[in-house]
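The following note concerns the contact between two chains, the domains of one chain, and the pairing of a few strands. The points are numbered for ease of reply.

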Amino acid sequence: CTDKFDEINTDPNQATEQQWDPNFFLPNAQNNYVNLGYDQMLYQGPMLQVLASTFTYYGNGDKYVNTQNSTSYQGAIFNRTYSTGTTLAEMIRLSKDKPQYANLYQIGRILQAMNVLRGTDTYGDIPYTQAFQAKAGTTAPKYDTQQSIYTALLKEIDEATAALDVNQAAPTGDMIYSRLSSSTAKMTAWKKFGYSLMLRTAMRLIKVDAATAKTYAEKAIAGGVFTSNDDNAYIQADANYAASGIYNVYQVTDDYRELRFAKTFIDALKSTSDPRLSAVAEVPQTGAANNANKTLSGDNTAASQLGLPNGYDLASGATDIRKSAGYPGPSPAANDKDSDAPLGKYSRPRISVYLKKNGTMMVLSYAEVEFLLAEAKVRGWNVSGTAADHYKNGIVAAMTSLIQLDASAEIKAEAAQTWAAAHPLDVTSTDASLKAINTQFWLATGTMFNFIEAWSNWRRTGYPVLTPINYPGNVTGSTIPRRMIYLSTEISTNPTSYTEAVNRLSGGDLLTSRVWWDK
Amino acid sequence: AREMHPAFGKDREISGKVTDEKGTGLAGATISIKGTTRGTNTDADGNYRITVPNDAATLVFSYIGYVKQEVAVGSRTVINIQMALGEGALQEVVVTALGIEKDTRTLGYSVTSIDASALNQARESNVINSLQGRVAGLNISPGSGGPGSSSRINLRGVSNFKGGSPLFVINGVPMDNTTRGTAGEWGGSDNGDGISNINPDDIESMTVLKGATASALYGTRATNGVILVTTKSGKNAGLSVEYNGNLQFDKVINFTDFQYVYGQGQQGVRPADATSARNSGVYSWGEKMDGAMYTQFDGKQYAYSPVKDNIQQFYQTAPTFTNTVSASGGNEKTSFRLSMSSMDASGVMRNNTVKRKTINLNVTQKVTSKLDVTLMANYIDQQDKNRPMMSDAPLNANYGITLLASSFNQLALKPGYDPITGAEMTFSDDSYKTNPWFVVNQYKNQQDRKRLISAITGKYQFTDWLYLQGRAGYDVINDGAFSITPWGTAYQALGSMNRARSQTTELNVDGLLGLNRDIAQDLNLNVAIGGNLRKNRLESVGISGSNFSIPYLYTISNTLSRSQSYGYNERQVQSGYYTAEFDYKHILSLATTGRYDVYSTLPSANRGIFAPSVSASFVFSELLKPNAMNFGKIRASYAQTSGEAFDAYLTTQYYSLGNTYNGLPQGGFSSQMPNSNLKPYRMKEFEAGFETKFFNNRLGLDVAYFNRKTEGEIVSGPLSITTGFTSRVLNLGSTKNAGVEVLLTGTPVKTRNFTWDASFNVTYVKNTIVDIDGAGNTKILTLGTYRPLNGNVAHVKGMSAAQIMAYDFKYDAAGKMIIGSDGIPVRGDLKPMGSAIPNLYGGLNNSFSYKNFSFSFLIDYKFGAKVLSATNHYSYVDGLNKATLVGRETGVVANGVVLSADGTSSTANTKNVIAQDYYRGLITNVSKLSVFNADFIKLRQVVIGYRLPSRWFSNSKVPFESVTLSAVGRNLLVLMKHTDNFDPEAGFSSNINYAGTEGAQLPSTRTFGFTLNAKFKK
């Protein structure tokens, strides 16, 4: 009478491996990888001085102080790397050696490489070769050195990209290139994506292994990288679920009220009359009520824009923004029922562009690729064209791609061309060129809210030159964090491997320690 | 003498004398009228007088140490009784596993019965809490979630990794006691458990089967012990109607003892305007309070003065009114009891109510002279409104109100929202700290439950020694839930909502063939074989939505984004069992049981398991006949019980689809790694004890030693997220509990008018987590944590369960504290600080009766536990703790050393840090400072009762037969504690994973009330 027990103990609500199509994993993994929300808004955004805030939570990146949840936010990318990675690893396992999933399998390998790349860039040594193998019995994965991870990832990207077959069907679960019409177009774009990712990965190594960087950069270029904004890899969040992490950050009253563009960022745009200023920034309409209104657009004229300096608060003490030298005064109350808005005269990200339920989340852009090509050329590597042209292409691409965020952010190609022509690459020295290129890289990734990439590129090149904040009680000795602290649960769930990795870090598991490639 | 009308069934008086075995008058013997609470005692000479209602009355004569006698009155007016000494006085029958009645004196294991009177005078909205401190071995930790919240119940220690509530069996039928959710580190509300649905007025007794031998026949869920609930039933004694009314008031106790020197503000300054006031609503890092006016976050002026009574002002005095009417009666063939009860409970949180209506019916029908059929139906309709959120700050009023800055008057928070826009008025620098008055006025969190616990039992008595019993029990629970994040909430301005319905069912069908006869002179055999089929099923549907288009219209169709969920879970167990007991002259008894279970939750190869038990008892007093000793027994037993997987579907890897994303289904899988080789686990227990009674049974001692261990326990062990899973199902856990239970009972004084009964119990349990993963790789199994997240609860191999893990200071080789370059002590290792579960606990109960008055009080205590306090953590962060007064104006130079860059040399720390940064950094780095000793002794309960004189009711115009009034008080005094600013019993969850964690739960309450019991004349 226990014949039916196997049936009873089979979950009727879920599928077994036999029923499953690994394509289902792809949207989950892609969204999980790119939809970062707070995971990059609290540290990297303000750390890179793109954003600024007087609000306590943003003290993490704005002032390098610890708040109540700092530990969680520091470990967030670690968590995300392995939750995304788990999904991808299973997708790879279930699509391997199955002809109908051949392209899915290779795309899985490429995405996994990109995912692990972000993880190692954020923390340094992390588990890679032994990761995702609990079912095979490996329950305490060793942390691989970042150097060995880079070696492996470059090889992985190389093999997988080469193996992508443009004549075979594109995976059904892909969201990144779902906007392209044909399977061939999609797979062609994926191939360019693979080589563009290889370029990004290679260029990270310039400080520690320029030879390898050069080898793979040239290989990537030869393979064919992005050639226009049409190649841009991005996902639009699902509006039905208001899935955009940035949108959800802005649903929080205090975040909306106190998160502003940083003075460093606005000044950089303003000093060169960059047309992106009006595309991305606005000053709210006057008074506290209008400042709190999430549907009321502000004034985006360039002249009105003012960045909030990092490192201030609203606590009545010495670091109160209202006591700072450049404080413009509060935005006055709109009527007698209203009150002042202390931060109301500072620029915020335009709500029509960033406060979108279906906001665009950039994974890898043509503009980034052009700046990397410009740099490679400056370094004398085998790149066709001139560094100045690539620089110009990058700027134009960065400006004209804003329309991919929202139509209201459109910058016409002519305007972009004109501005770029008026602001050519400084070729007076290698350093001057690198400074210009990577400052533009920062503006491009900053306007795209791709702060983690901006952070890695800053660590790699030293540009833009940022002045650290010195706020009382900061935990970095008044320096901008150069890595994140490992996920705290690793201490208890994987103690031996964790300790080995920490012992390899000079300075320990701190925000101020440096990853291998960031000498 | 009064006029007598025996023919009309009117009251008349009986008199007589009660004598002992030698013919001497017995002072203080009890005479009661059967089926009523009326009674009297004999005077110093053994004489008594009592008024009986009619000829049909039966008088019950009792005296400790003597055989109870029942005498039908008939037409007699004088009844003299000689009492017989002896064993009979102890010949109490107790209901054991499967409803088999046994003589307590021959039991080979420990069982404790609690009479209903302990449950229904001073009420707890969750009836199980009334047992706190009363039963040796039983450790109850009530939740702090308002009326009807769940409790953590441990019998004989933490019997397994999941903590394990005992199985509740109501009139022979196992009932669901699943907790409907508690708070965790990220908040939540306590939505009550199964036992909290039961109306205490319907309970006749509760019997705690502690050891594995006692509970072995219940199988898997009995590894945590069994609590048998017997509901009241009708008697063959005509119709009697009874009313019970209870009115109680809960009032919060403010345990905080904060600093009231420095007021609201940050960095040593008071807020200069509304904006900075809003940023510092929970910070008391301002200036010395001077009474001057300052601008609060609402733009209005308030005195910069201490406000000490925010807690008392914010919470209300909460009444709970319970009314129960019952009718019972019967004749030779049929007896019944029907009761209806209504509990209307208010929480101290202003918008929180729990309304519970229960109907309980119990009918026994003698179908033929051989066949009895009993029907039990217990219907519960419970409506919970706004169960309070706890732990984390969002929508949690407790959080804000406890931690308001020292000069912040909670009245400024009213009404919590802007009347025009509906937007929450935030009062701190954190949108997630919800304005407490916004919660009161706007938040909704509702549950409804409709539940029917029913059972039908048929017993066919072939002969006086052979019977067949069949039983079907069905427990069906329909739950509904509705909760919202209101329109205007600071952290989610457009709001969201969730609606869910679920049905939980448990079906038990069992049969038992029993034989009970003397098989030889003085040798009795009591044997039964049977089988059980259990089916559990849970089906749930939920729908949630966010972003309302129309403000305050909380319907799904008004949301912009929606998602839905469906859950299903089914499991089945089939079992066969036997029990056999040989009894020689009520002196020597040997018993054995065995149970074979087949579990659907396990893979086919490993599904079945047999678990035996043996026990023996020897009443040595019968042979030795010691002088002062009336009774003496030694007993010993060994038993196994088996356990199944903690959930269905743990043996296979599944894949599932979530919501679509841009039209594409999103696939994923559980982060818990399945295990296809699971097998049942075992618990083995050895128990030994003795029980003695002295001095005419006026002193009793019951001692039990137990030693139990689980092997191959099925646990969910943590994995590093880097492995591809965050946990895995293991079959390797092992938990050990060894301990001693002592129950001392006595009647120090007994005279005709005055009786003093006392009982004291103490339990010591040594609990050890023997193994977690079998290989010793996992030494720490992390469970839950408190909201500050810098400490947690964990099972640590080799230590007691539920260790509080916290960060220590860091010391150099010379033992000096290491200070960081920021001037703040450096965080050391995460260390176990002690178990969250007490290892020594019990109670002292005293009851006194004098004529019609009774008075009782209960003191209970727990020792050996630790608590991790978020209140303490926040009080440092927010500048409320008195410890933060040191260095307020001068800054703090921590006493320790700073290491050189290469770590080889050190110098004395000289860095001066401003107080606000120092204490925040300190408490964040060193969570050990938030670990407290949770020992306590409390005056748990006082009851004063008065039975109105019976002569008042002799007038036939008075409809009552008896009326009793009681005044009750619970949680009156803390006699000893070591915790600052919070109740050592406080906690936001009854789940073992959060044992010993505290923070932002409801404050503890003190309860006062009255109970009225009236019995109507027949």
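1. Two strands are said to pair if DSSP finds at least two bridges between them. On that criterion, strand E2 (residues 30-33) of chain B pairs with E5(B) in the antiparallel sense, over 4 bridges. Within this pairing, B:Ser32 has B:Val60 of E5(B) as its bridge partner. It should be borne in mind that the model is predicted.

2. E5(B) also pairs with strand E6 (residues 69-72) of chain B, again antiparallel and over 4 bridges. Here B:Phe61 stands opposite B:Gln69 of E6(B).

3. In a regular strand the side chains alternate between the two faces of the sheet. Strand E5 (residues 58-62) of chain B shows such alternation: B:Leu59 and B:Phe61 point to one face and are buried, whereas B:Thr58, B:Val60 and B:Ser62 point to the other and are not buried.

4. The domain assignment divides chain B into domain 1 (6-85) and domain 2 (120-251 + 317-395 + 443-802 + 837-870 + 936-977 + 980-1016). Their C-alpha centres lie 39 Å apart. Domain 1 of chain B contributes 14 residues to the contact and domain 2 of chain B 18 residues. On the domain 1 side, 3 residues are nonpolar, 8 polar and 3 charged.

5. Between the chains, 70 residues of chain A are in contact with 72 residues of chain B. The elements that give two or more residues to the chain A side include helix H2 (25-34), helix H6 (70-95) and helix H12 (253-258) of chain A. H6(A) gives the most, with 9 residues. By class, this side of chain A has 30 nonpolar, 31 polar and 9 charged residues.

Definitions and conventions. Residues numbered from 1 in each chain as written. Chains lettered and ligands numbered in written order. Predicted model: local features only at pLDDT ≥ 70, side-chain atom pairs only at ≥ 80, totals over all residues. Contact = placed C-beta atoms within 7 Å. Nonpolar A, V, L, I, M, F, W, Y, C, P; charged D, E, K, R; others polar. Domains from an automatic or database assignment. Buried ≥ 20, exposed ≤ 12 C-beta atoms within 10 Å, placed from the backbone.
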